[in-house]
Amino acid sequence: MYDVVIVGGGPAGLSAALLLGRSRRNVLLCDEGKPRNAVSPEMHGFLTRDGIAPMEFRRIAHEQLRLYPNVEFRPQAVVNIAKQAEQFTVTLADQTEVTTRKLLLTTGIREDMPAIPDVQAFYGKSVVSCPYCHGWEVRDQPFALYDTGKHAVFMAIQLLTWSLDIVICSNGPSGLDAQDRAVLAHLKIAICETPIARLEGNDGYLERIVLTDGETLPRRVLFYTPQLHPAPLAMQIGFVPGDPKQAVQPVFPGIYMAGDVYYTRWASGAAAAGTEIAVAIHTALLEEDFAKKGIGLKIQAHA
């Protein structure tokens, strides 16, 4: 039996596996190798790893985890979780079953893409959602923002940090009231409510937005606000998105979550969350071990 099975091998899962491995816990890390940021050429904002390719980041992490023989990796998805007394039975994609005392889901999120034809061809390079991750590389270039309503105003103002040439493309009615429009006009942020026909560019890099009336907008990047959804496995166990703050308490008895599944959205933040949750899991295991010996002990965990 494993002490912990970690489902998901992004920064949160890898960080948790490292700390739990160093805590002499028997860990199984399961990951099917389809990270959400795989299409991005580079990761940013991660100290000592700024600009690294996402898959290279993972390669280095796995190389370091191999130093810990008590950390096992299986390149498979987890398809089912069943609670049995004080343990869990975890079914992998090849129908192998393993048992574990604790579960950590770092399964990330799924996001709805903008309703634009062929948008996937530009995703991760010039159709992006996070200015903190991508804004520096496209600074001072013409931006489009795919959004509506009050949130579009909020996002457009943030984007002024990186460019003063911003057009809100609402792909139809913008939902902006007179006050919103006055604020945007004062900031010289344009509004385009004409529906988008398609995006044009080369090798995933945007050059122009073609509108349904035949007009074009020269733009080099399109930021959007995604609708985020927990991964199916998180939904299976009954997780309901709520407070996005990272917690170190189990979401259900014996089941913990960390990283983007809590909408962390930054690789460095996800890695930090994985470390915090690993300490909490190790502490819970210690308390259980002491309890079996008849020693009631509450441990104050410190990262």
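This passage describes the nonpolar cores, a helix packing, the cysteines and the salt bridges of a predicted model.

Residues are numbered from 1 along each chain as its sequence is written, and side-chain values use heavy atoms, without hydrogens or water. Because the model is predicted, local features need pLDDT of at least 70 and side-chain atom pairs count only at pLDDT 80 or more, while totals for chains, interfaces and linings use all residues.

We can start inside the protein. The largest nonpolar core (buried Ala, Val, Leu, Ile, Met, Phe, Trp, Tyr and Cys residues joined through side-chain atoms within 4.5 Å) has 29 residues, and Val4, Ile6, Leu20, Leu104 and Ile281 have the most contacts inside it. Here buried means under 20% relative accessible area, exposed over 50% and partly exposed in between, with a 1.4 Å probe and protein chains only. Two or more residues come from each of strand 1 (2–7), helix 1 (11–22), strand 2 (27–30), helix 2 and helix 7 (267–292); helices (H or I, at least four residues) and strands (E, at least two) are DSSP runs numbered from the N terminus. Helix 7 gives the most, with eight residues. Leaving out residues up to four places away in sequence, Leu20 touches Val4, Ile6, Arg25, Val27, Asn70, Ala278, Ile281 and His282, a contact being heavy atoms within 4.5 Å. Apart from the largest core lies another, of 21 residues, including Cys30 and Phe239.

Helix 4 (residues 149–159) has buried residues too, among them Val153, Met155 and Leu159. Its buried residues pack against helix 3 (131–134), strand 9 (143–146), strand 10 (166–169), helix 5 (178–186) and strand 15 (221–224).

The structure holds zero disulfides, defined as cysteine sulfur pairs within 2.5 Å. Why is cysteine 133 not bonded to cysteine 130? The two sulfurs are 3.0 Å apart, too far for a bond.

Salt bridges (a side-chain nitrogen of Lys or Arg within 4 Å of a carboxyl oxygen of Asp or Glu) number 18. Arginine 101 meets aspartate 289 at 2.9 Å, N to O, which links strand 6 (residues 97–105) to helix 7 across 188 residues. Arginine 101 is buried at 13% relative accessible area, whereas aspartate 289 is partly exposed at 25%. Glutamate 288 pairs with lysine 102 at 2.5 Å; lysine 102 is buried, at 7%, and glutamate 288 is partly exposed, at 29%. These four residues belong to a salt-bridge network that also includes Asp3 and Arg25.
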